[in-house]
Amino acid sequence: FSEKIQSLFKKFRGYGKLTEKEIGEICRDIRLLFLESDIALSATKKIVEEIKNRLSTLEFTTETSPGTLVSNIVREELINLLGKPGNIDFSEKPTLVMMVGIQGSGKTTTSAKIANYFATKENKKPLLVGADVRRPAAQLQLEKLSQQIKIPFFTDKDPFLACEGALNLARSKGYDLIIVDTAGRTHVDEELLDELKTLNERFQPKNNILVIDSMMGQEATKVAKAFFNTIPLTGAILTKFDGDARGGAAFSLREVTGVPLIFLGVGEKIQNLEKFDPVRVVNRIVGMGDIEGLIERVSDIKIDTSKKPPEEIEKWNFDTFLESMRQIRKMGPLEELLSMIPGFSNIKQMKNMIPDEKQMKRIEAVMLSMTPKERKKPEIIDASRKRRIAKGSGTSIQEVNQLLKQYEMFKKMFKSKNLKKGIKLPNFPIG
Ligand code: GDP
Ligand code: MG
């Protein structure tokens, strides 16, 4: 979806003037793209209609080219179609959050992610409840995750007892939110829906959150409808938004159910949860990159400002490199970070140039096996020192050589081009 829409946007930029014929062509292109991407027909019809209306009544000014106007309008309509983000309702204490969805959608993982999110970002006290009592493995999975993030876990022999017990526990211990991981099936069936319906009548949760796998395509719409018709959904979370199919399902979901998206799951790890932001999603799909997300990640880590970044290449050495590398690693996998940079998603070959986690660890090991003196002045590393470093780091002489070579190249590159122009060396050597 993302790739196709990016090439459509390239085409938009080429428009010089907009006649009825061009407008028809734009609408046809968008319609085709949406349908090919498994987006619900009603959502497709809606956006094509809106775009057509706006393009037909468009007034041209001299400042903006028609191509840019078309791009902006389509961008805005994509954002509108995604809708405004929803929220968790905290008006009751404790507030009940029921996580519903079919098996494999990511309910258990996302329950833990949300608990961790509110505990670390908003200082709340969550309680995780296992209500998928028929599958012992599912219970154990949530319990393990709760231990990993240090959040209390509660369960009982049936979902009703589990919810009741959790409410009592939360009241006595002052927990703010109770996140209930409900049972899931491989597909929607009557028994499951009945159980959810009864749970809802009994506990009237303020939050019923539908968890949907964004890789599911059209099937997602059917599943969403079934849950929507059974219980009052208050929000949705799309998981696996890190996958290739990202995007499409988000457009269908809002249009079909009217339920707002609250979060996106963007990876398997606990921290891989993002607040849903329609502007950011559209920018990412259309290929503007996700600068805001990147800035958020960077500002999340505490950079030691007492040590100033090296301003000249002369001062750059393996000490500063090691420190930069650690700071980068704190932000998450490098590839994930780079994918947020505008245009990067287009350059597939660049991915092969980035060291993966394993390579990074080896590079770090090599640097750690150097003496402080060697790190500061790599020029002194001779054959015997190389042997010692390779042995100490559990790598090979070739790997040590390679790192030294890269260091030389990097130094030369900056000496010849940028330094003369007065450009400062970036804090992170991979810039
Ligand atoms: P449940 O059956 O609905 O409870 O689903 P689980 O929480 O057990 O998740 C099913 C699988 O999807 C697991 O392997 C998770 O690691 C994976 N998963 C969940 N959310 C995400 C996500 O946002 N991104 C990716 N890549 N994987 C996810
Ligand atoms: Mg589960």
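Let me begin with one pair of residues: Phe263 stands opposite Lys275 in strand E8, where strands, like helices, are DSSP runs numbered from the N terminus, a strand (E) having at least two residues and a helix (H or I) at least four. This is a predicted model, in which local features need pLDDT of at least 70 and side-chain atom pairs count only at pLDDT 80 or more, while totals for chains, interfaces and linings use all residues. Residues are numbered from 1 along each chain as its sequence is written, and chains are lettered from A and ligands numbered from 1 in the order in which they are written.

Phe263 belongs to strand E7 (residues 261-265), which pairs with E8 (residues 273-275) in the antiparallel sense over 3 bridges; two strands are said to pair if DSSP finds at least two bridges between them. With strand E6 (residues 235-239), E7 pairs in the parallel sense, again over 3 bridges, and here Ile237 is the residue opposite Phe263. Because 5 of the 5 residues of E7 are buried, this strand is largely enclosed by the rest of the structure, a residue being buried if 20 or more other C-beta atoms, placed from the backbone, lie within 10 Å of its own.

For "domain: SRP54-type proteins GTP-binding", an unreviewed UniProt entry lists residues 260-273, and such annotations may be inferred rather than shown by experiment. Over that stretch the chain is 0% helix and 43% strand, with the end C-alpha atoms 16 Å apart.

Let me turn to strand E2. All 6 of the 6 residues in E2 (residues 126-131) are buried, so that strand too is largely enclosed by the rest of the structure. Its two faces are both covered, with Pro126, Leu128 and Gly130 buried on one side and Leu127, Val129 and Ala131 on the other. E2 pairs in the parallel sense with strand E4 (residues 177-182) over 6 bridges, and Leu128 stands opposite Ile179 there. Strand E3 (residues 153-155) runs parallel to E2 and is joined to it by 3 bridges, Val129 having Phe154 as its bridge partner. From E2 the chain crosses through helix H6 (residues 136-148) to E3 in a right-handed β-α-β crossover, meaning that, with the strands pointing away from the viewer, the path from the first strand over the helix to the second runs clockwise.

Finally, the ligand. Of the 17 residues around ligand 1, those that come nearest are Gly106, Lys107, Thr108, Thr109 and Gly265, nearness requiring a C-beta atom, placed from the backbone, within 6 Å. Helix H5 (residues 107-121) gives the most to this shell, with 3 residues.

Definitions and conventions:
Buried ≥ 20, exposed ≤ 12 C-beta atoms within 10 Å, placed from the backbone.
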